[in-house]
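This report walks through one protein chain, from its loops to its helices and the way they pack. Please keep the sequence and the structure at hand while reading.

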Amino acid sequence: MAPRGHSADDVARAALRILDDHGLPDLTMRRLATALEVQPSALYWHFPNKQTLLAELSDRIVGRTASGVPTDPRIEAFSLRDALLAYRDGAEVVSSTLALGLGSTLAHDRLTAAVVHDGFDAGTARRGATTVLHYVLGFVWHEQQRMLYDSVGARDMEASGLESDDFAFGLDLIAAGLRARGRV
């Protein structure tokens with residue numbers, strides 16, 4: 001029987017709220033249990049460890065991108081960026097989950113499908129998708145770090161400013177590199 005009637009969805013939604021309100025360093029099982037008014041051990045009913053909980057959060061964050069059939073790598077990259085920016089430390093959660101080989105491959109699969117649709121063979125598309133995925137995660141991680149520093153006054157907000165133009169420029173460089181390799 002599930003603890004206090006909380007479902008895995010309840011736990012994940014509460015964890016996303018804590019992530020958004022306090023950031024990844026303060027997303028602890030103890031804090032999550034307190035928010036749900038249960039003992040920390042009750043959380044393990046749904047998630048055997050924090051890493052599997054983070055994998056679920058990662059899937060939910062990335063799942064915000066899934067709409068329609070992916071046909072344009074640039075649109076997929078911007079959609080992933082938006083999904084990551086929707087949650088504080090979203091890029092760090094998704095990146096760490098991918099590094100551990102946990103969670104879904106949805107982001108990579110969608111990017112791969114978009115690159116294939118762009119006319120590239122499966123091997124090139126897979127490698128290109130990996131490059132774009134790492135670029136998006138790194139860019140957004142940097143953006144989120146700057147936003148955090150700006151919010152606590154550690155940086156001059158006027159001096160910050162990674163813009164969508166900078167993001168697009170990097171995507172264009174990757175696309176030019178793929179085009180230079182040639183399509184199928």
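## Loops, helices and packing

E37 lies in the loop that joins α2 (29-36) to α3 (40-43). In this predicted model, E37 takes up a positive phi of about 60° even though it is not a glycine. Most residues other than glycine have a negative phi. The side of the question that concerns solvent is also settled for this position, since E37 is exposed, with a relative accessible area of 59%.

A second loop residue invites the same kind of inspection. D89 sits in the loop between α5 and α6, and its phi, near 60°, is again a positive value in a residue other than glycine. Is D89 buried or exposed? D89 is buried, its relative accessible area being 9%, a value that falls under the 20% cut-off for burial.

D89 also leads to another loop. P25, which belongs to the loop between α1 (8-22) and α2, is 64 residues away from D89 along the chain, while the C-alpha atoms of P25 and D89 are separated by 9.3 Å. P25 is exposed, with a relative accessible area of 66%.

The residues discussed one by one in this report can be set out as follows.

| Residue | Location | Relative accessible area |
|---|---|---|
| P25 | loop between α1 and α2 | 66%, exposed |
| E37 | loop between α2 and α3 | 59%, exposed |
| D89 | loop between α5 and α6 | 9%, buried |
| F139 | helix α8 | 11%, buried |

Taken as a whole, the protein has nine helices and zero strands, and the order along the sequence reads α-α-α-α-α-α-α-α-α. Its C-alpha atoms fill a box of roughly 55 × 45 × 25 Å along the principal axes, and of its 184 residues, 41% are buried.

Helix α5, which covers residues 73-85, can be followed in some detail. Its 13 residues reach 18 Å from the first C-alpha to the last, close to the 18 Å expected at 1.5 Å a residue. At the start of α5, a side-chain oxygen of D72 comes to within 2.8 Å of the backbone nitrogen of R74. Which residues of α5 are buried? They are P73, E76, A77, L80, R81, A83 and L84. Seen down the axis of α5, these buried residues fall within an arc of 165°, so they line one face of the helix. As background to that pattern, an α-helix has 3.6 residues a turn, so residues three or four places apart point the same way.

Two helix pairs show how the elements are packed. The axes of α4 (residues 50-63) and α6 (residues 90-99) come within 9 Å and cross at roughly 120°, which makes α4 oblique to α6. The crossing in which α4 passes α6 is left-handed. In the other pair, α7 (residues 106-117) and α8 (residues 122-151) pack with their axes 8 Å apart and at an angle of about 130°, which makes α7 oblique to α8. Here α7 passes α8 in a right-handed crossing.

Within helix α8 lies F139, a residue that is buried, with a relative accessible area of 11%. Between F139 and A129 there is a separation of 10 residues in sequence, and from C-alpha to C-alpha they are 15 Å apart in space.

Methods. Residues numbered from 1 in each chain as written. Predicted model: local features only at pLDDT ≥ 70, side-chain atom pairs only at ≥ 80, totals over all residues. Heavy atoms only, no water. Helix = DSSP H or I, 4+ residues; strand = E, 2+ residues; numbered from the N terminus. Expected span 1.5 Å × (residues − 1). Buried < 20%, exposed > 50% of the residue type's maximum accessible area, 1.4 Å probe, protein only. Arc of directions from axis to C-beta. Polar contact = N/O pair within 3.5 Å; in protein donor to acceptor, adjacent residues only side chain to side chain. Axes fitted to C-alpha atoms, helices over the stretch in contact; angles between N-to-C directions. Parallel < 35°, antiparallel > 145°, perpendicular 65-115°, else oblique. Left-handed = near helix turned anticlockwise from the far one by under 90°.
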